[in-house]
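The following explanation leads through a protein model with a bound ligand. It begins at a single residue and then widens to the helices and the core.

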Amino acid sequence: MTNRTAHSRSKQPTRQGSWLVAATLLASFSYAGSGLRYAFATQRNFRIHVGVGLGVLGLALWLQVSLTALAILMLTVGAVMVMELVNTAIEAVVDLVVEQTYHDLARIAKDCAAGAVLISALVSVGVGLSLLGPPLWERVQSWGF
Ligand SMILES: Nc1ncnc2c1ncn2[C@@H]1O[C@H](COP(=O)(O)OP(=O)(O)OP(=O)(O)O)[C@@H](O)[C@H]1O
């Protein structure tokens, strides 16, 4: 039995236009996990952002920054990852619509999505330097450099 058939025979209310609807909360998490795994496996930039983000949060914990600073860093790191995921989603939808053809609107959509990732990454560098730079400098000086 295909998923579509299974769905149509279930007691779940149908949603017009959807091929497959998450029937349970667990299924929703599972689909979200699939998206994260796909982005991690296929998007080099997403892997870089995850690596740098974990490094930044590790550094913040090591420097024992304030809880407010840690919260701002988590928000910033998370925002970059979210932008990368949205960028990946937009690229997939654009490719689905135009397939292998060149289209100016496809270019604009992809370029703007990439621009959004770039801005979030630049902002996160500024936030990271502002919040981690001074305590890192103090720590280095305390070593007698
Ligand atoms: N169908 C299209 N029509 C017009 N321009 C396109 C099209 N597909 C891609 N482009 C152009 O090529 C660029 C790169 O597109 P591509 O799909 O390869 O993204 P990418 O390099 O994988 O992006 P990212 O590194 O953010 O994942 C786009 O930003 C856009 O300028």
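**From one lysine to the whole fold**

K110 counts as partly exposed, because 15 C-beta neighbours lie inside 10 Å, and a residue is called buried only from 20 or more such neighbours, or exposed at 12 or fewer. The model in which this residue is examined is a predicted one. K110 lies in helix α5. Apart from its neighbours within four places in sequence, K110 is in contact with I90, E91 and V94.

One of these partners, E91, deserves a description of its own. Its place is in helix α4. Like the lysine, E91 falls in the partly exposed class, because its C-beta atom has 16 others within 10 Å, a count that lies between the limits of 12 and 20. Once neighbours within four places in sequence are set aside, the contacts of E91 are K110 and A113. UniProt, in an unreviewed entry, places the feature "binding site" at E91. The full list under that feature in the unreviewed UniProt entry is Y31, E91, K110 and D111. These positions are spread over 81 residues of sequence and are also spread in space, with up to 26.6 Å between C-alpha atoms.

The surroundings of the ligand can now be considered. Which residues surround the ligand? The shell consists of Q43, N45, N87, E91, V98, Y102, H103, A106, R107, K110, D111 and A114. By class, the shell divides into four nonpolar, four polar and four charged residues. Helices α4 (67–98) and α5 (104–142) each supply at least two of the shell residues. The most is given by α5, which contributes five residues.

A second annotated position leads further along the structure. The unreviewed UniProt entry places the feature "active site" at E84. The place of E84 is in helix α4. Is E84 buried or exposed? E84 is buried, because 24 other C-beta atoms lie within 10 Å of its own, and the limit for this class is 20 or more. Leaving aside neighbours within four places in sequence, E84 is in contact with A39, Q43, N45, F46, H49 and V117. Two of these partners, Q43 and N45, are also listed in the shell around the ligand.

Attention then turns to helix α4 as a whole. At 1.5 Å a residue, its 32 residues should span 46 Å, and the end C-alpha atoms are 46 Å apart, so the expected and computed spans agree. The buried residues of α4 are L73, T76, V77, V80, M83, E84 and N87. What covers them includes α2, α3 (44–62) and α5. After the helix comes E99, whose phi is positive, near 55 degrees.

Helix α2, which comprises residues 25–42, has 18 residues and reaches 26 Å from its first C-alpha to its last, close to the 26 Å expected at 1.5 Å a residue. This helix is hardly covered, as the count of buried residues among its 18 residues is one.

The nonpolar interior is the next topic. Nonpolar side chains tend to be buried together in soluble globular proteins. In this model, the largest nonpolar core has eight residues, namely V56, A60, L73, V77, V80, M83, V117 and L131. Helices α3, α4 and α5 each supply at least two residues of this core. The largest share, four residues, comes from α4. One member of the core, V77, is in contact with G53, V56, L57 and S124 when neighbours within four places in sequence are left aside. Among these partners, V56 is itself listed in the core.

Finally, the view can be widened to the complete chain. How many helices and strands does the protein have? There are five helices and zero strands, and from the N terminus on the elements run α-α-α-α-α. Of the 145 residues of the protein, 12% count as buried. Among contacts with a separation of 6 or more, 60% are accounted for by residues 24 or more positions apart. The pair of E91 in α4 and K110 in α5, in contact with each other, brings the account back to the lysine with which it began.

Key:
Residues are numbered from 1 along each chain as its sequence is written. This is a predicted model: local features need pLDDT of at least 70, side-chain atom pairs count only at pLDDT 80 or more; totals for chains, interfaces and linings use all residues. Two residues are in contact if their C-beta atoms, placed from the backbone, lie within 7 Å. A residue is near a molecule or strand if its C-beta atom, placed from the backbone, lies within 6 Å of it. Ala, Val, Leu, Ile, Met, Phe, Trp, Tyr, Cys and Pro count as nonpolar, Asp, Glu, Lys and Arg as charged, and the others, Gly among them, as polar. UniProt positions are given in the numbering used here, feature names are shortened, and annotations may be inferred rather than shown by experiment. The expected span of a helix is 1.5 Å times one less than its number of residues. A nonpolar core is a set of buried Ala, Val, Leu, Ile, Met, Phe, Trp, Tyr and Cys residues joined through C-beta atoms within 7 Å.
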